[in-house]
Amino acid sequence: MEFNIALLRGDGIGPEIVDSAVEVLKKTAEKFGHKFNFTPYLIGGAAIDATGKPLPEETVEGCLASDSVLLGAVGGPKWDNLPGDQRPEKALLGIRSALGLFTNLRPARLYKALKDSCPLRPDIVANGFDLMMVRELTGGIYFGERGRRQGKYGEEAYDTECYSKMEIERIAKVAFETARKRNKNVISIDKANVLESSRLWRATIHEIAKDYPDVTCTDMLVDNAAMQLVKNPAQFDVVVTSNMFGDILSDESSQITGSIGMLPSASLGSAKRGMYEPIHGSAPDIAGQNKANPIATILSASMMLRYSFDLEKEADAIDAAVDKFLELGYRTADLAGNTGVTPLTTTEVTEKILELL
Ligand code: IPM
Ligand code: MG
């Protein structure tokens, strides 16, 4: 089969980790007899430097014309003082919205080989954990009305959390469908004791839950969820939540897997095309030093094969190569910590995973 993949390398470590995942995709294509064509487009700070805009029109058109998008990361100190609507991060929100990617799947599981990198007590993770966070991605406070104005105490700023019933229904359906393919358990996270938008969220989740009698559904308040994730992560199967709560809780769930450098994500809409990216950022402090962990991006490429191209065997092969890599005791700098293991560079990790593929 032949697929066209748009590459958004972005900033910081983005280019290094995307290039690494591209190598893995090329080898996979070769091994299984497919053809992947790659076309790079500018996004984020790199796009600002080259064109003055974080999300050039050409990038949006290129992504819309592609079968899927692989993204590195955007942002960095160089662009931190730009006004909000000209920042690199704005491009990320812009492309998610332009491609209609309302679902963000963020799986977090504890690799057996990484038990020692997990910051939780061994008895807490004795049975491991394996959860799928379903984060709403094109609504809520990220896209609500915002601004500055004069208020009671002088200058003030505001952002608005707003969810339509339609937006909640469609993400709820994704969560329940996802749970059907897993352990049939959905935990919906909100702040319904305070927020009106959360009360609509909760009521809508309950309505959709009626169509999925085979799936258990419970509500959890977000503050409690933050605590439960470190107290008993194994209780979670599918988690469904809003854009901002999902942003925060997915960083937390990644940290308990050992490192944020391991977590991939898939952003999906109603089309087959998706955008795949690591959940971590551009890590400007280690950019260009060949130190970054490319595994989250490699696993994102695997999710692309699975979710957008229906290439299950191929995705399994990539996941298995990563498992093997970890089981053999190889570590990247973020995972090695102070274990005494000499960390591999980004290029060395890539080479090893290619060998194991
Ligand atoms: C993420 C990131 C982004 C987000 C930022 C960079 C805009 O933190 O993908 O989790 O908040 O969605
Ligand atoms: Mg985030």
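1. Let's start with a term you'll need for the helix pairs: a helix axis here is a line fitted to C-alpha atoms over the stretch in contact, and angles run from 0 to 180 degrees between N-to-C directions. Keep in mind as you read that this is a predicted model.

2. Take H1 and H12 as a try-out. Their axes come within 10 Å and cross at roughly 15°. Angles under 35 degrees count as roughly parallel, so H1 is roughly parallel to H12. As for handedness, H1 passes H12 in a right-handed crossing.

3. Who touches whom in that pair? On the H1 side you'll find Glu16, Ser20, Glu23, Val24 and Lys27, and they meet Thr346, Thr350, Ile353 and Leu354 of H12. Sort these contact residues by class and you get three nonpolar, three polar and three charged.

4. H1, which covers residues 14–32, also packs with H9. Here the axes come within 8 Å and the crossing is at roughly 45°. H1 and H9 are therefore oblique to each other. This crossing is right-handed too.

5. Now for the residues behind the H1 and H9 contact. H1 brings Ile17, Val18, Ser20, Ala21, Val24, Leu25 and Thr28, while H9 brings Thr297, Ile298, Ala301 and Leu305. The split by class is eight nonpolar, three polar and no charged. Look for Ser20 and Val24 in the structure: both are listed in the contact with H9, and both are also listed in the contact with H12.

6. H12 (residues 346–356) has another partner to check, namely H10. These two pack at an angle of about 115°, and their axes are 9 Å apart. Once again the crossing is right-handed. Ala321, Val322, Lys324 and Phe325 of H10 make the contact with Val349, Lys352, Ile353 and Leu356 of H12. That contact has six nonpolar residues, no polar ones and two charged ones. Ile353 is worth clicking on, as it takes part here and also in the contact with H1.

7. On to the empty space. What is the volume of the largest pocket? It comes to about 720 Å³. Its lining is made up of 28 residues, and those nearest the centre are Pro107, Met132, Met303, Arg306 and Tyr307. By class, the lining has 15 nonpolar, five polar and eight charged residues.

8. Which elements supply at least two residues each to that pocket lining? The strands are S4 (103–109), S5 (130–136) and S11 (264–268), and the helices are H5 (165–180), H9 (295–307) and H10 (312–327). You've met two of these already: H9 packs with H1, and H10 packs with H12.

9. Last, the enclosed space. The count of cavities of 30 Å³ or more comes to one. The largest cavity holds about 50 Å³ of space. Lining it are Glu161, Tyr163, Ile189, Asp190, Ser197, Ser198, Trp201, Thr241, Ser242 and Phe245. In terms of class, that is four nonpolar, four polar and two charged residues.

10. Where do the cavity's lining residues sit? Strand S8 (185–190) and helix H6 (196–209) supply at least two each. H6 gives the most, with three residues. When you have the structure open, try picking out Glu161 and Asp190, both of which belong to this lining.

Notes
Residues numbered from 1 in each chain as written. Chains lettered and ligands numbered in written order. Predicted model: local features only at pLDDT ≥ 70, side-chain atom pairs only at ≥ 80, totals over all residues. Heavy atoms only, no water. 1 Å grid on protein atoms, 1.4 Å probe; cavity = no way out; pocket = protein on both sides within 12 Å on 5 of 7 lines; lining within 4 Å. Points joined across faces, edges and corners; volume = space filled by probe spheres on them. Helix = DSSP H or I, 4+ residues; strand = E, 2+ residues; numbered from the N terminus. Nonpolar A, V, L, I, M, F, W, Y, C, P; charged D, E, K, R; others polar. Parallel < 35°, antiparallel > 145°, perpendicular 65-115°, else oblique. Left-handed = near helix turned anticlockwise from the far one by under 90°. Contact = heavy atoms within 4.5 Å.
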